[in-house]
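Subject: Structure handover

Hi,

Here is the structure I promised you. Please open it and keep it beside this email while you read.

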Amino acid sequence: MLDPQFVRNQLDDVAKKLATRGLTLDTASLTDLENQRKLCQVKTQELQSERNRLSKEIGQLKAKGLDTAPTMAQVANLGEQLQASEAQLEQIQTQLNHILLTLPNLPHDSVPVGRSEEDNLEIRRWGEPKVLDFTVKDHVDLGAQLQMLDFEVAAKITGARFAVMRGGLARLHRALIQFMLDLHSQEHGYTEVYVPYMVNADSLQGTGQLPKFAADLFHIPEQNFYLIPTAEVPVTNLARDEILEQLPVKYVCHTPCFRSEAGAYGKDTRGMIRQHQFEKVELVQFVKPQDSYAALEELTGHAEKVLQYLELPYRVVALCTGDIGFSSAKTYDLEVWLPGQQKYREISSCSNFEAFQARRMKARWRNPETKKPELLHTLNGSGLAVGRTLVAIMENYQQDSGKIAIPSVLQKYMNGMSMIG
RNA sequence: GGAGAGGUGUCCGAGUGGUUUAAGGAGCACGCCUGGAAAGUGUGUGUACGCCAAAAACGUACCGAGGGUUCGAAUCCCUCUCUCUCCGCCA
């Protein structure tokens, strides 16, 4: 959520910045609503103050054994007015609040201005796509040939956009999770956490998925729980309604992720790129506001390190104003080279949310200089999306025979095996 | 799932309708005392929002959450939630 005071006082600036995201803010009606709010709030508080004063008087009169009837009559008059005024104020505030909750974050000044992913800015590349001297297969054909990756049986058990893995491939998938968790916790200073895979609506509002993006989530109505679309939700909400004394705090967490992919019909229907259920290792940081942009570079580097150890070619892209996510002020995507598609595809997204999520969550830290609780900054990034990493390994490490070589850093997690198939 | 007990500020803890403006204690901050410290002692000590150019002052709200009763609710009623104890079930 944007700072309501900032929106109020710098409305034109806010509108201008939101416009770069392709969003038109109706400043006139917002100003109008804000003026109504101000009038109504002042009036309500005056009436409340008057009621409190008279009620106290009644108490004092009673204590002295005096007649309270005239004062009671006076306050009775107030009652109706006050009730109406309170109701009106609540209605206005609900409207204002809903608008604020559905406004996206303001992009940082360093974010390239643009309309769509076409305008994203490539920052750097690492590694060279390998030239293979045989006909390259994609992961679907490779998996089918190995009899280790099966979409048909998953469709039977559940439906479209699910996968079943067997044998060496299932194990490689698990090895990737182990490797990533070990790397980030042992070399990058993250604390490993285990969290619930179902969350309540407050948590989703805290990180920004609700109220606007309910359609993207799997919902369990009986308990009003939601399956998490990313570990970002439970892990970031660890700081909700808390005052942290020590910053930074860095967490790494492996979870499955569940996404309805509403609106993605017909997109990436082949293979494991876009599934309803996938595994991800997520990095989350809580930092002091002044440190958050340095932390974004650092966190992105941590995610890159995974690809470097796995020797997978990739590039880093700065998302433009039109392509960054709702809650983000700045995002870098890591895109890995997929020989089967002859394309770089997103495998990680690293974002600085500044105080946007913290304000929604009331996540604060105690600033030793002011000794006051202040909003902290939150960041997260995939480190990495496990399913897509598996796809990248299959396609980049494939042999002419259809077997898959195992990257050397993963072999110790695979009982020393060097090849699948 | 059944029965019961609870949730009060940074922490402990009192408070069953009206000077509660949330007692008291601990902690913390700043004084005093001291050669210095401890002890002792005094003062202060939450959050959010509004008003304001801003600050101060002032006002409003906040005792797990949401409703209700009342002129007035931490206190009474209802619903929900979380924690603990016992029983049942269970990986």
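Below is what was found, starting with the RNA.

First, the ground rules. This is a predicted model, in which local features need pLDDT of at least 70 and side-chain atom pairs count only at pLDDT 80 or more, while totals for chains, interfaces and linings use all residues. Residues are numbered from 1 along each chain as its sequence is written, chains are lettered from A and ligands numbered from 1 in the order in which they are written, and side-chain values use heavy atoms, with hydrogens and water left out.

**RNA strand B**

Which residues are closest to RNA strand B? They are R8, K38, Q48, S55 and I58, out of 19 that surround the strand. Near means that a heavy atom of the residue lies within 4 Å of the strand.

Three polar contacts are worth finding (a polar contact is a pair of N or O atoms within 3.5 Å). The side chain of R51 has an N or O atom 3.2 Å from a phosphate oxygen. For S49, a side-chain N or O atom is 3.4 Å from a sugar or linking oxygen. R364 has a polar side-chain atom 3.3 Å from a sugar or linking oxygen. Elements giving two or more residues to this surface are α1, α3 and α4. Helices here are DSSP runs of H or I with at least four residues, numbered from the N terminus. α3 gives the largest share, twelve residues.

Of the strand's atoms within 4 Å of the protein, 70% belong to sugar or phosphate; the rest belong to bases.

**The second largest pocket**

Its volume is about 290 Å³. The volume is the space filled by probe spheres set on grid points. A pocket is an open set of points on a 1 Å grid where a 1.4 Å probe fits, with protein on both sides within 12 Å along at least five of seven lines; lining residues have an atom within 4 Å of a point. Of its 14 lining residues, P4, R8, E34, L96 and L100 are closest to the centre. α3 (27–64) is among the helices that supply at least two lining residues. α3 gives the most, five.

**Helix α10**

α10 covers residues 292–309, 18 in number. It reaches 26 Å from first C-alpha to last, close to the 26 Å expected at 1.5 Å a residue. Its buried residues (under 20% relative accessible area, 1.4 Å probe, protein chains only) include L296, L299 and A303. After α10 comes E311, with a positive phi near 55°.

Best wishes

Key:
Polar contact = N/O pair within 3.5 Å; in protein donor to acceptor, adjacent residues only side chain to side chain. Expected span 1.5 Å × (residues − 1). Buried < 20%, exposed > 50% of the residue type's maximum accessible area, 1.4 Å probe, protein only.
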